[in-house]
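Here's a quick tour for anyone meeting this protein for the first time. Have a look at the sequence and the model, then read on.

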Amino acid sequence: MKRTLFALLLVSAAASAGAQGICQGIAARCEQHIAANYIPDGQFYRALLQGDEVAEFGLTLFGGTTYRVAACSGDTDGNLIFSVYDTAKERNLLFTNKDHRNAPYWDLAIASTLDVLVEATLDPSKAGSGCAVMLIGFKR
């Protein structure tokens, strides 16, 4: 019984390390979309997704600021769909890169401060599972 538990822990740790390594490479590639005139917010928003799973990230965007949202998954750009919703009573879609051929990054100019929910999901025509990485920077 102890051997089985040890083996399961070892397999679980190896899988976690492997997933972390996969996400690390994607994060490094995604950082290239945050250009020099943007300051990263210091967060790496990551999630392992399968099928139609959706990762959600809550943010506060401050008025008068332009943000760059970069979204990556897999070995190439365009595998991750991200959508930005306001968190008002009726959740309104503010932006989705789906309308722009899954652009790997987009600049959002925010007029007034608002709380948003960013959803990320894999494009089912391109990937069935993988690590989703989102980075956010604000313009200098």
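How many bridges join strand S5 to S8, and do the two run parallel or antiparallel? Seven bridges join S5 (residues 80-86) to S8, and the two strands run antiparallel. Keep in mind that you're looking at a predicted model.

## The big picture

Let's step back to the whole chain. It has one helix and nine strands. Follow the sequence from its start and you meet the helix, then strand after strand, in the pattern α-β-β-β-β-β-β-β-β-β.

Of the 140 residues in the chain, 40% are buried. The chain exposes about 8,400 Å², with carbon and sulfur atoms supplying 56% of that. Contacts often span long stretches of sequence: take those between residues at least 6 apart, and 80% of them join residues at least 24 apart.

## Strand S8 and its partners

Back to S8, which covers residues 114-122. Besides pairing with S5, S8 pairs with strand S3 (residues 55-61), again in the antiparallel sense and over seven bridges.

You can pick out individual partners, too. On the S3 side of things, Thr-60 stands opposite Asp-115 in S8. As for Ser-83, its bridge partner in S8 is Glu-119.

## Gln-50, far along the chain but not in space

Now find Gln-50, in strand S2 (residues 45-50). Is Gln-50 buried or exposed? Its relative accessibility is 55%, so Gln-50 counts as exposed, the cut-off being over 50%.

Exposed or not, Gln-50 has company from a distant part of the sequence. Leaving out residues up to four places away in sequence, Gln-50 touches Gly-128 and Ser-129. Gln-50 and Gly-130 are 80 residues apart in sequence, yet their C-alpha atoms are 6.6 Å apart in space.

## Two unusual neighbours in a loop

Last stop: the loop between strand S6 (93-96) and strand S7 (105-110), where you'll find Arg-101. Asn-102 is in the loop between S6 and S7 as well. Most residues other than glycine have a negative phi. Arg-101, though not a glycine, has a positive phi of about 55°. Asn-102 isn't a glycine either, and its phi is positive too, at about 55°.

What about their surroundings? Arg-101 has a relative accessible area of 80%, so it is exposed. Asn-102 comes in at 6% relative accessibility; that is under the 20% cut-off, so Asn-102 counts as buried.

Technical notes:
Residues are numbered from 1 along each chain as its sequence is written. This is a predicted model: local features need pLDDT of at least 70, side-chain atom pairs count only at pLDDT 80 or more; totals for chains, interfaces and linings use all residues. Side-chain values use heavy atoms; hydrogens and water are left out. Helices (H or I, at least four residues) and strands (E, at least two) are DSSP runs, numbered from the N terminus. Buried means under 20% relative accessible area, exposed over 50%, partly exposed in between (1.4 Å probe, protein chains only). Contact means heavy atoms within 4.5 Å. Accessible areas come from the Shrake-Rupley method with a 1.4 Å probe; for residues, only the protein chains shown count as cover. Two strands pair if DSSP finds at least two bridges between them.
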